[in-house]
Amino acid sequence: MKHLLSTHSLSVDDIVGILDVADHMTEINSRSVAKVPALRGKTVASVFFEDSTRTRLSFESAAKRLSADTMTFSASSSSVNKGESLRDTIETLSAMGVDAFVVRHKSSGAPQAITQWTNASIINAGDGWHQHPTQALLDAYTITRSFGTKDSLKGRSIAIVGDIKHSRVARSDIDVFTRLGAQVVLVAPPTLLPHDIATWGVTTCGSIDEVVGSVDVLYMLRMQFERMDSGVIPGLGEYTARFALTPTRAAKLSPHALVMHPGPMNRGIEMVVDPSDLPGSRILQQVTNGVSVRMAVLFTILGSGATATLQQGVDA
Amino acid sequence: MSKKSIVFRGGTVINPDGNVVADVRVSQGVIDAVGPSLDGDTVIDITGSYVSSGFVDLHTHLREPGKEEAETIETGSRAAARGGYTAVVAMPNTDPAQDSVMVVRFVRERGEAAGLCEVVPSGCITMGRNGTQLAPYESLAKEGVRIFTDDGNGVQDPLLMRRALEYAAPLGVTLAQHCEVSRLTEGAVMHEGACCSSMGVPGWPSIAEELMLHRDIELVRLTGAPMHFLHLSTAGSVELVRRAKADGLPVTAEVTPHHLALNDELLRGFNPLFKVNPPLRTIADIDALKTGLLDGTIDAVATDHAPHASHTKEQPLDAAPPGMLGLETALAVVNTAVNADPRRIVEVMSWSPARIAGINDRHGRPIAVGEPANIAVWDTTSVWTVSRDELASRSKNTPYHGMEVRGKVHHTMFRGQLVVQEGKALK
């Protein structure tokens with residue numbers, strides 16, 4: 001695998017393979033010295049043209065645990081503010097010797113565009129409303145490992161609640177979840193659903209109350225405040241009334257049901273309940289798994305491919 | 001003007017009253033003989049090709065003044081000539097915009113200086129294309145401007161649009177609308193449909209075009225002023241124009257080659273070369289546009305030739321400007337995409353656009369003795385592969401690079417002078 005631009009370019013076997021490698025990474029992360037030399041001598045550059053803390057730190061710690069060298073570039077403190085084009089930025093960084101770029105950009109398709117301007121591998125860390133493939137992989141990893149059904153989501157029902165239309169997480173999750181066999185239901189007002197949703201192989205519903213008692217996974221998306229200014233929803237009060245996870249609603253969840261959120265959470269908006277009060281919450285587990293899954297992605301793209309090499313530790 | 005005569009020998013002459021195999025002789029800027037076995041100082045064998053009036057493009061962005069790094073009037077004229085065009089209507093979204101006598105004169109004079117085709121300036125509907133104040137139609141009409149448009153922007157204000165039509169009507173000019181309700185296309189990147197939905201980019205809904213088209217058809221009904229509709233892109237638009245014509249309203253419409261040939265699936269790879277405004281739409285839209293072109297609902301093919309410097313297209317899809325080259329590939333793309341007979345091709349690429357542009361005293365004329373020698377020689381059978389490196393345009397943003405097409409322009413004659421021979425520009 002040269003790049004990871006979209007979940008659509010991954011076969012189900014690719015997905016299952018990455019999740020299997022992630023198990024090895026989870027084991028490494030449990031060691032007293034959580035570091036292996038697998039990517040020694042490789043350079044991973046995180047280039048973030050849009051603010052992000054958790055994804056950038058997650059990738060960077062993944063790279064470091066595999067002994068890769070890391071470089072960080074963020075648009076707010078860079079020559080992008082001096083008008084440098086995306087192409088020039090990438091060509092310049094590439095000239096310093098980069099094996100993989102981890103790219104976050106506000107424009108859908110930007111990581112794909114970047115592949116024209118460098119020979120390095122490109123890993124999409126979120127582009128516009130388009131894709132966030134490592135989020136989908138870590139979400140699938142979290143769900144399969146929680147249910148102990150390794151590699152399959154067959155028969156599971158997953159509700160994704162919130163702003164689907166503007167969400168790269170939703171686009172990636174829907175693709176991975178459905179291809180692993182899950183039934184996905186989208187819970188949102190029509191103004192927050194993508195156009196032509198009927199072609200996506202999912203169902204939709206207009207209130208969280210219709211699904212909360214029956215789903216295996218309740219996946220809450222972050223509600224973005226600026227959407228209200230554009231008249232997409234009437235107001236936060238109405239949104240919370242129809243779509244927030246409240247203690248009353250949480251009480252209706254099945255005992256085995258998982259609650260997930262890609263973060264950062266809006267407490268009091270989509271999460272009116274305290275997640276630490278929810279036994280089914282996997283929200284922090286998602287963050288932990290994120291490091292393992294990103295290690296697996298980096299290793300799959302830059303590594304030797306042989307997981308046996310992961311047994312070797314690094315001298316403490 | 002050269003006194004030497006040129007004979008096009010053995011081609012099929014396409015005229016409104018019929019096709020005939022005949023030689024065509026040109027001398028001193030006019031056609032001086034049409035018939036069998038003509039001789040002249042220079043004889044060009046065009047057996048197997050068609051000879052027709054030169055093409056007329058209602059919709060060309062020449063970028064000068066203002067964006068000369070993308071195109072100049074000279075390079076755009078050369079591209080036009082290579083495409084078989086003997087006249088192009090220069091869109092007014094230059095910098096400064098074509099809303100004054102000074103700028104309009106500049107554009108016309110630069111076109112004359114290039115001498116490759118007639119550059120016919122259009123004027124703005126509103127000053128600076130800002131949609132707030134009417135441009136001076138009468139002063140510009142006196143300079144020969146016949147088409148007024150804010151192309152790139154639709155005129156949003158219905159009151160202003162009504163007044164523009166009322167004011168322009170007695171001047172014998174035509175207002176041309178870029179139909180786009182801008183509130184419905186804020187941030188829009190491509191056609192709103194299944195493709196944009198999965199790609200996660202903001203959609204440009206068909207309704208944004210159709211709403212303004214519908215409004216303007218009703219304003220034409222109210223005012224009686226003629227109106228031309230630029231680059232129709234949706235099946236709904238074709239139907240609206242069809243009904244307006246059935247009602248006898250004085251409306252005309254154009255379609256671009258790319259809206260006949262390319263669809264929104266091509267954007268799946270996020271390639272900005274396929275970004276254009278209005279956007280590439282669906283197969284169903286393409287089918288409706290083709291039907292409209294063949295049944296007369298759509299009067300003309302117009303290129304919307306929109307050069308952009310490479311660095312501006314080397315950006316993510318949402319940041320790149322819309323627009324693609326069109327002049328040098330128009331005939332081939334239309335001929336490849338649409339099953340049109342050659343006479344309909346001439347009708348939509350020469351006769352009708354010349355009439356809409358108000359230049360049918362000198363373009364889109366019959367191939368007949370005494371007519372000005374604005375002529376294209378072309379065929380519908382040559383197969384060739386488009387290469388961006390062989391284009392005369394200063395820019396390279398063709399979406400057809402590497403694509404195999406059918407139909408080729410061989411020679412173009414402008415005012416009796418051969419400006420393109422065997423596909424090569426002579427100046």
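Which residues in α1(B) meet which residues in α2(B)? On the α1(B) side they are B:Ile73, B:Glu74 and B:Ser77, and on the α2(B) side they are B:Val107, B:Arg110, B:Gly111 and B:Ala114. Sorted by class, that contact has three nonpolar, two polar and two charged residues. Keep in mind that this is a predicted model. Here's a quick tour of that helix pair, then of how chain A splits up.

**The helix pair in chain B**
- The two partners are helix α1, residues 73-82 of chain B, and helix α2, residues 101-114 of chain B.
- Their axes sit 9 Å apart and make an angle of about 60°.
- Angles of 65 to 115 degrees would count as roughly perpendicular and those under 35 as roughly parallel, so α1(B) and α2(B) come out as oblique to each other.
- As for handedness, α1(B) and α2(B) make a right-handed crossing.

**The two domains of chain A**
- Chain A comes in two parts: domain 1 covers 7-132 + 287-311, and domain 2 covers 134-284.
- Between the C-alpha centres of these two domains of chain A there are 26 Å.
- Where they touch, domain 1 of chain A puts in 24 residues and domain 2 of chain A puts in 22.

**Domain 1's side of that contact**
- On the side of domain 1 of chain A that touches domain 2 of chain A, α1 (12-29), β4 (121-127) and α10 (283-302) of chain A supply at least two residues each.
- The largest share there is from α10(A), with seven residues.
- By class, this side of domain 1 of chain A has 11 nonpolar, 10 polar and three charged residues.

Technical notes: Residues numbered from 1 in each chain as written. Chains lettered and ligands numbered in written order. Predicted model: local features only at pLDDT ≥ 70, side-chain atom pairs only at ≥ 80, totals over all residues. Axes fitted to C-alpha atoms, helices over the stretch in contact; angles between N-to-C directions. Helix = DSSP H or I, 4+ residues; strand = E, 2+ residues; numbered from the N terminus. Parallel < 35°, antiparallel > 145°, perpendicular 65-115°, else oblique. Left-handed = near helix turned anticlockwise from the far one by under 90°. Contact = placed C-beta atoms within 7 Å. Nonpolar A, V, L, I, M, F, W, Y, C, P; charged D, E, K, R; others polar. Domains from an automatic or database assignment.
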